[in-house]
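Work through the exercises below with the sequence and the model at hand. Each task is followed by a solution in steps.

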Amino acid sequence: MTLIRSNYGCHITSYLDQQTSNPLFCLGDANEVLAAIPTASIDFCMTSPPYWGQRNYFVEGQLGHEHTSQEYVDTMVDIFANYVRPVLAPHGLIFLNLGDSYNGAGAGNKIASGFQQKSLA
């Protein structure tokens, strides 16, 4: 296992050149990490993004602070369609851990049903 926190482009290129089966974990801003990954080069993406309206990380424009659950769903679809999907290999998988851990099942179900109505194609 390798964990990187900076200089994503160099580390990712080197990792891909090695053709290893050991996992590479990238810790950082999703936009920076995804921008450093070559198109169609990853097999698996696992993420647990901030849930809507539940935490404040005190970062301007942070995910989860949209005004409505629909805005949150639209933002998430945009991220996955425009940033994650392009770097995912044709056979790649996404594991998205998304739920409602504070407010009961209501908000989580509303957000999950919003995703079912969206397409990343």
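**Exercise 1.** Determine the handedness of the β-α-β unit that strand 3, helix 3 and strand 4 make.

Solution. Step 1: locate the elements, taking helices (H or I, at least four residues) and strands (E, at least two) as DSSP runs numbered from the N terminus. Strand 3 covers 42–47 and helix 3 covers 69–84; strand 4 covers residues 88–96. Step 2: check the pairing, for which DSSP must find at least two bridges between two strands. Strands 3 and 4 are parallel and share five bridges; one bridge joins Phe44 to Leu93 of strand 4. Step 3: view the unit with the strands pointing away; a clockwise path from the first strand over the helix to the second is right-handed. The unit is right-handed.

The model is predicted: local features need pLDDT of at least 70 and side-chain atom pairs pLDDT 80 or more, while totals for chains, interfaces and linings use all residues. Residues are numbered from 1 along each chain as its sequence is written, and side-chain values use heavy atoms, without hydrogens and water.

**Exercise 2.** Place Glu66 and decide: buried or exposed?

Solution. Step 1: Glu66 sits in the loop that runs from strand 3 to helix 3. Step 2: apply the cut-offs for relative accessible area: buried is under 20%, exposed over 50%, partly exposed in between (1.4 Å probe, protein chains only). Glu66 has 16%, so Glu66 is buried. Step 3: list its contacts (heavy atoms within 4.5 Å). Beyond four places in sequence, Glu66 touches Trp52, Glu71, Tyr72 and Thr75. Step 4: a polar atom of the Glu66 side chain is 3.0 Å from the backbone nitrogen of Gly64.

**Exercise 3.** Which element supplies the largest share of the largest nonpolar core?

Solution. Step 1: such a core is a set of buried Ala, Val, Leu, Ile, Met, Phe, Trp, Tyr and Cys residues joined through side-chain atoms within 4.5 Å. Step 2: the largest one has 16 residues, and Tyr8, Ile12, Ile37 and Ile42 have the most contacts inside it. Step 3: helix 1 (8–18), helix 2 (30–35), strand 3 and helix 3 each give at least two residues. The largest share, four residues, belongs to helix 3.

**Exercise 4.** How many disulfides are there?

Solution. Step 1: a disulfide needs two cysteine sulfur atoms within 2.5 Å. Step 2: the count is zero. Step 3: for Cys45, the nearest cysteine sulfur is that of Cys26, 10.0 Å away. Cys45 is buried because its relative accessible area is 14%, whereas Cys10, at 61%, is exposed.

How values were computed
A polar contact is a pair of N or O atoms within 3.5 Å; within protein, one must be able to donate a hydrogen and the other to accept it, and residues adjacent in sequence count only if both atoms are side-chain atoms.
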